[in-house]
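Q: Please take a close look at the largest cavity in this model and at the ligand. What lines the cavity, where does it lie, and which residues are around the ligand?

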Amino acid sequence: MKRVIIGLLCGCLVLSLAAGANAKKLRFAFMPGVADPFYFTMEKGAKAKAEELGVELIVGEFPKAWGPEYQVPIMKALVARGDIDLLFTAPTSTEALIPVLKEIHDSGIPIITVDTYLGDGDYSKPSNYSFPLSYIGTDNFLGGQVVAGALALLLDGKGKVFLENTNPDVSSVIGRENGFRAGLKIFPDMELVGVEYCLDVQETAAAQTAAALEKDRDIVGVFGVNVFSAQGAYQAVVAAGLAGAVKIATWDATLTLIEALKKGEVDLILAQMPAEMGSLCVEWGVKHLTEGAELPKKVIPGFFVFTKDNVNDPEAQQYIYK
Ligand code: T6T
């Protein structure tokens, strides 16, 4: 009897090992928005989770500039391999990426949009853009409100401010601008005197901010809404000799901005959680494909606000982009 049981157990072991060897390894594709520290950090988080869960992660070439014209050809080549089980990507336009991603989805590849979304981002109601499994990314409107409040506090609730943005058809940065506008409404003595769009080019952001500061000498605060617009805005304020006099609120915790904060040349930085976003895409993708889990239509990681008071705290260091 004992021998029979041992024999059965051995048989089961052999069978399950064989099944494990045959089990297909999931293959996910990640298509970033642009080559910048935010998406590099997202890739790190996704890779770590993929390794942990035994997923093969194929990462598309990082587009050298922002926009569908750069992103779409790389994305199409990525899925043309024909062996991708799931794609997660940051659409570089709320509208232009709808047909592109719909076609990929209809070819049998489930999609998660990460960091940015299609349309108004509400995938729970039927529409021509509700096909992604989920949007995983920051609540940009809320972040914009938080930045407005923090900047207003630094300025005692009064004065003129300027906003440097990137592209008007990108959900993340427009959410930040809308949140900022809404947040400022609470402060009747604060006025948003200008908004410019640099198309995610740092030099353009620097030139636009310099022109705004030149045109209106009463500007006392500037908000740069992402890596390149923030770094360009910061560059312009310093070049104009206004560091310290003009308060600078920025978004995205790059090493450049963290160093500027430490030097007192930038006043606050909102750090998103890109590694967490990448990791969540892989984790939810696996749950969906292996257990049939239905994803929440929105998964919103938090954010962290750096100021001169916490920038050296040991716990804060994890929020700096890698
Ligand atoms: O701010 C991030 C990202 O959230 C946004 O969608 C585009 O710009 C960044 O990648 C920073 O450059």
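A: The cavity comes first, then the ligand, then two residues in a loop.

The model is predicted, and the values below are computed from it. Searching the whole structure for cavities of 30 Å³ or more turns up 1. The volume of the largest cavity is about 120 Å³.

Its lining is made up of 16 residues. Those nearest the centre of the cavity are Tyr 39, Trp 66, Asp 115, Ser 172 and Asn 226. By type, the lining residues divide into 6 nonpolar, 5 polar and 5 charged. Two helices, helix 2 (37–53) and helix 6 (171–184), each supply at least two residues of this lining. Helix 6 gives the largest share, 3 residues.

The position of the cavity follows from the domains. Domain 1 (25–137 + 273–301) contributes to the lining, and domain 2 (140–271) does too, so the cavity lies between them.

Now the ligand. The residues around the ligand include Tyr 39, Trp 66, Asp 115, Ser 172 and Asn 226, and these five are also the lining residues that lie nearest the centre of the largest cavity. The others around the ligand are Asp 36, Phe 38, Thr 116, Arg 176, Val 227, Asp 252 and Gln 272.

Three aspartates have a polar side-chain atom paired with an oxygen atom of the ligand. For Asp 36, the distance from a side-chain N or O atom to a ligand oxygen is 2.5 Å. For Asp 115, a polar side-chain atom is 2.6 Å from an oxygen of the ligand. For Asp 252, the corresponding distance is 2.5 Å. On its own, the ligand has 310 Å² of accessible area, and the protein covers 99% of that.

A separate note on the backbone concerns the loop between strand 7 (190–197) and helix 7 (202–215), where Leu 199 is placed. Leu 199 is not a glycine, yet its phi is positive, near 55 degrees. Asp 200 is in this loop between strand 7 and helix 7 as well. Its phi is also positive, at about 70 degrees, and Asp 200 is likewise not a glycine.

Notes:
Residues are numbered from 1 along each chain as its sequence is written. This is a predicted model: local features need pLDDT of at least 70, side-chain atom pairs count only at pLDDT 80 or more; totals for chains, interfaces and linings use all residues. Side-chain values use heavy atoms; hydrogens and water are left out. On a 1 Å grid over the protein atoms alone, a cavity is a set of points where a 1.4 Å probe fits but cannot get out, and a pocket is an open set with protein on both sides within 12 Å along at least five of seven lines; lining residues have an atom within 4 Å of a point. Grid points are joined across faces, edges and corners, and a volume is the space filled by probe spheres set on the points. Helices (H or I, at least four residues) and strands (E, at least two) are DSSP runs, numbered from the N terminus. Ala, Val, Leu, Ile, Met, Phe, Trp, Tyr, Cys and Pro count as nonpolar, Asp, Glu, Lys and Arg as charged, and the others, Gly among them, as polar. Domain bounds come from an automatic or database domain assignment. A residue is near a molecule or strand if one of its heavy atoms lies within 4 Å of it. A polar contact is a pair of N or O atoms within 3.5 Å; within protein, one must be able to donate a hydrogen and the other to accept it, and residues adjacent in sequence count only if both atoms are side-chain atoms. Accessible areas come from the Shrake-Rupley method with a 1.4 Å probe; for residues, only the protein chains shown count as cover.
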